[in-house]
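Trainee: I am new to this structure, and I would like to understand the reasons behind the terms used for it. Could we go through them one at a time?

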Number of protein chains: 2
Amino acid sequence: MSETPARYWVGFDLGGTKMMAVVVDDAGKPIARKRRKTKAQEGAEPGLDRVVRTIREALEEAHVDRSQLAGVGIGVPGPLDPERGIVFDLPNLGWHNVPVAEALRGELGCPVVAANDVDAGTYGEYVLGAAVGARSVLGVFPGTGIGGGFVYDGQIFRGRHVSCMEIGHIRVLPDGPLCGCGRRGCLEAVASRLAIAAQAASAAYRGEAPRLLAAAGTSLENLRSGTLAEAIGAGDRVVRDLVVNAARWLGVAIGTLVNVLAPDVVVLGGGLVEAMPDLIVREAEAAARAQAMPAFSDTFRVVPAALGDDATALGAAAWARRAPAAPRRGESGTSLVVD
Amino acid sequence: MSETPARYWVGFDLGGTKMMAVVVDDAGKPIARKRRKTKAQEGAEPGLDRVVRTIREALEEAHVDRSQLAGVGIGVPGPLDPERGIVFDLPNLGWHNVPVAEALRGELGCPVVAANDVDAGTYGEYVLGAAVGARSVLGVFPGTGIGGGFVYDGQIFRGRHVSCMEIGHIRVLPDGPLCGCGRRGCLEAVASRLAIAAQAASAAYRGEAPRLLAAAGTSLENLRSGTLAEAIGAGDRVVRDLVVNAARWLGVAIGTLVNVLAPDVVVLGGGLVEAMPDLIVREAEAAARAQAMPAFSDTFRVVPAALGDDATALGAAAWARRAPAAPRRGESGTSLVVD
């Protein structure tokens with residue numbers, strides 16, 4: 001009797017500024033990583049080439065032969081058709097209606113699934129992070145925008161041929177600040193890391209955040225999550241107030257989503273949360289419980305993510321490894337052809 | 001060979017002012033109905049007696065023997081534990097933590113399932129109404145409050161031991177009108193039939209809605225959906241403006257829910273919509289499409305409900321008739337014991 005050869009999966013996190021491939025073994029354990037800059041706005045073809053190259057290098061580093069590659073899962077930073085693996089629109093990357101699953105399958109010769117990055121990250125937290133054992137999990141990841149993910153009944157929640165959970169565009173403040181989507185008062189226009197950074201830069205410019213000003217100036221590229229956390233630690237009270245205010249808006253949106261979805265675990269993730277988990281989780285949770293109806297007040301936990309930068313890649317690998325769901329009515333599930 | 005005896009189901013709609021039992025045959029076709037006033041605030045025990053009496057009389061009228069009763073589904077106007085069939089709180093009816101499924105099962109000797117009334121109504125529209133064939137269905141039923149329902153993957157969507165879709169308490173207008181829940185600016189405080197009626201009564205009082213004033217005065221009990229529709233038909237422009245404004249707020253909330261849930265069909269139901277479906281569906285749909293993200297703009301239809309007053313009862317009967325879902329992790333599915 002010959003031994004069954006070991007099988008491996010790759011999880012891929014396609015970000016706006018960097019990409020990462022993680023090779024995992026049959027138990028989901030990461031055994032090699034490869035990172036690369038995304039080089040945004042190169043367009044889809046050079047972008048896909050970089051993805052394939054990064055995956056191949058990660059496999060080499062892991063000493064995994066192509067024949068042992070059982071599947072690839074890729075998380076992408078935007079809406080997509082998760083059944084067909086077609087990415088609709090990644091303006092930062094210059095991608096438009098890209099059949100990413102089909103393209104990678106052609107290059108790598110194995111099954112490929114695609115998911116929204118925050119859906120993949122939430123699934124990762126559900127399978128091996130902060131939400132193991134949950135009935136359903138809401139993921140909230142504030143960054144440049146605010147991404148949402150939802151796992152229901154052990155599956156990534158989705159529409160018919162479209163991912164969803166675009167929670168950054170819940171309108172929390174009519175006539176509020178202008179959002180990148182062209183509307184006003186969206187959650188991400190008041191509570192994303194970028195929204196906090198823009199207000200913190202104003203405060204620094206006005207002389208109200210001297211530690212932040214000294215450390216990073218007023219340019220938004222320099223106002224990363226860690227910089228904000230350090231300024232708070234050093235005593236810039238106004239920066240703390242801005243973070244608290246944003247966390248409360250996150251909580252208002254979370255409470256609304258609890259009333260609608262009744263998740264039993266809410267996972268807060270991303271770099272901003274990772275830089276100051278206690279402050280953000282505490283404020284967001286309090287606001288969420290105040291917004292949730294009494295019937296839901298004891299039905300959910302709010303927790304920080306546990307997988308850090310690995311959440312999307314590990315979740316995408318786990319999504320590729322899972323037993324596929326039965327095909328649904330009106331969905332082919334296997335076709336990779338663009339409509 | 002003996003013929004298999006025919007089997008029947010009862011769907012029950014427990015409303016705040018009236019209750020209705022509908023007997024359906026093996027094909028889901030209604031064959032008898034019995035209505036009764038709810039007599040709110042009598043409390044749970046007399047209330048359950050009235051429910052049982054109403055069901056028995058409907059069975060008699062249908063000439064269905066108790067031995068032919070295969071199951072009962074009941075829709076209740078509030079949050080509940082749908083697995084255990086325990087109603088949490090119906091303040092209008094004086095019910096608190098009532099194990100309604102267990103109680104009815106004891107009296108009727110057949111399986112009983114319970115669901116939120118709008119969830120049941122949405123399921124009814126999915127099985128035999130305006131949303132047949134949908135991948136997922138969002139139900140929006142404005143009345144005294146605003147109820148929501150959601151059918152996903154052929155099942156009523158729910159939390160762990162709690163129903164959800166409390167869309168009436170999406171906060172659309174911070175610092176907006178006071179809501180019955182104690183918060184401000186909830187959707188139902190600006191867009192329910194009651195919210196419209198209160199503003200229409202003010203307009204009538206100020207002399208701005210002469211047809212409404214002549215037909216119904218300024219007492220909210222008299223300002224039913226039909227009355228509002230007639231005043232609009234007779235030329236009370238301000239009443240029309242109020243309905244349009246409410247429909248637009250409904251649309252804002254629907255667009256938000258489309259961004260989050262990506263339903264492919266949105267069903268608008270209840271008496272208000274039934275009284276003026278064209279006006280409300282058109283305005284709500286336009287606002288929903290303006291609020292939805294581009295990725296979702298072509299992914300959903302907005303339609304008026306097709307089952308009218310029968311939606312909840314027929315949906316509850318269909319829910320009782322369905323093949324039960326597999327038990328989920330951490331849920332007993334059969335226990336009817338209060339925690």
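Mentor: Let us begin with a term we shall need: a salt bridge is a side-chain nitrogen of Lys or Arg within 4 Å of a carboxyl oxygen of Asp or Glu. Please keep in mind that this is a predicted model. With that rule in hand, we can say that A:Lys34, A:Arg36 and A:Glu57 are linked in a network of salt bridges.

Trainee: What makes the pair A:Glu57 and A:Lys34 a salt bridge?

Mentor: The closest N and O atoms of A:Glu57 and A:Lys34 are 3.7 Å apart, and the cut-off is 4 Å, so the pair meets the rule. The two residues come from distant parts of the chain, since A:Glu57 belongs to helix α1 (residues 44-61) of chain A and A:Lys34 to strand β3 of chain A, 23 residues apart.

Trainee: Why is A:Glu57 called partly exposed?

Mentor: A:Glu57 has a relative accessible area of 24%, and partly exposed covers what lies between under 20%, which is buried, and over 50%, which is exposed, so the term applies. A:Lys34, with 26%, is partly exposed for the same reason.

Trainee: How do you know that A:Arg33 and A:Asp310 form a salt bridge, and where in the chain do they lie?

Mentor: Their side chains meet at 2.2 Å, N to O, which is within 4 Å, so the rule is satisfied. A:Arg33 is in strand β3 (residues 30-37) of chain A, while A:Asp310 is in the loop between β13 (301-304) and α11 (311-321) of chain A, 277 residues apart. Of the two partners, A:Arg33 is partly exposed at 29%, whereas A:Asp310, at 14%, falls under 20% and therefore counts as buried.

Trainee: What makes B:Arg248 and B:Glu283 a further example?

Mentor: The closest N and O atoms of B:Arg248 and B:Glu283 are 3.1 Å apart, and because this is within 4 Å the pair is a salt bridge. The bridge joins helix α8 (residues 237-261) of chain B to helix α10 (residues 277-291) of chain B. B:Arg248 is partly exposed at 45%, whereas B:Glu283 is buried at 14%.

Trainee: How many salt bridges does the rule find across the interface of chain A and chain B?

Mentor: The rule finds two across that interface. The side chains of B:Arg160 and A:Asp264 meet in a salt bridge at 2.7 Å, N to O, and this is within 4 Å, so the name is justified. The elements β10 (146-152), α8 (237-261) and α10 (277-291) of chain A each supply at least two residues of the side that touches chain B, and α8(A) gives the most, with seven residues.

Trainee: Why is the relation between the two chains called that of a two-fold axis?

Mentor: Chain A can be laid on chain B with an RMSD of 0.0 Å by a turn of 180 degrees and a shift of 0.0 Å along the axis, and that is the relation of a two-fold axis. The same surface serves both copies, because 100% of the contact residues of chain A recur in chain B.

Trainee: Is A:His161 buried or exposed, and how do you know?

Mentor: A:His161 has a relative accessible area of 16%, which is under 20%, so A:His161 is buried. Its side chain makes a polar contact with the side chain of A:Asp81 at 3.1 Å, and this is within 3.5 Å, so the distance fits the term.

Terms used. Residues numbered from 1 in each chain as written. Chains lettered and ligands numbered in written order. Predicted model: local features only at pLDDT ≥ 70, side-chain atom pairs only at ≥ 80, totals over all residues. Heavy atoms only, no water. Helix = DSSP H or I, 4+ residues; strand = E, 2+ residues; numbered from the N terminus. Least-squares fit on C-alpha atoms with pLDDT ≥ 70 in both. Contact = heavy atoms within 4.5 Å. Buried < 20%, exposed > 50% of the residue type's maximum accessible area, 1.4 Å probe, protein only. Polar contact = N/O pair within 3.5 Å; in protein donor to acceptor, adjacent residues only side chain to side chain.
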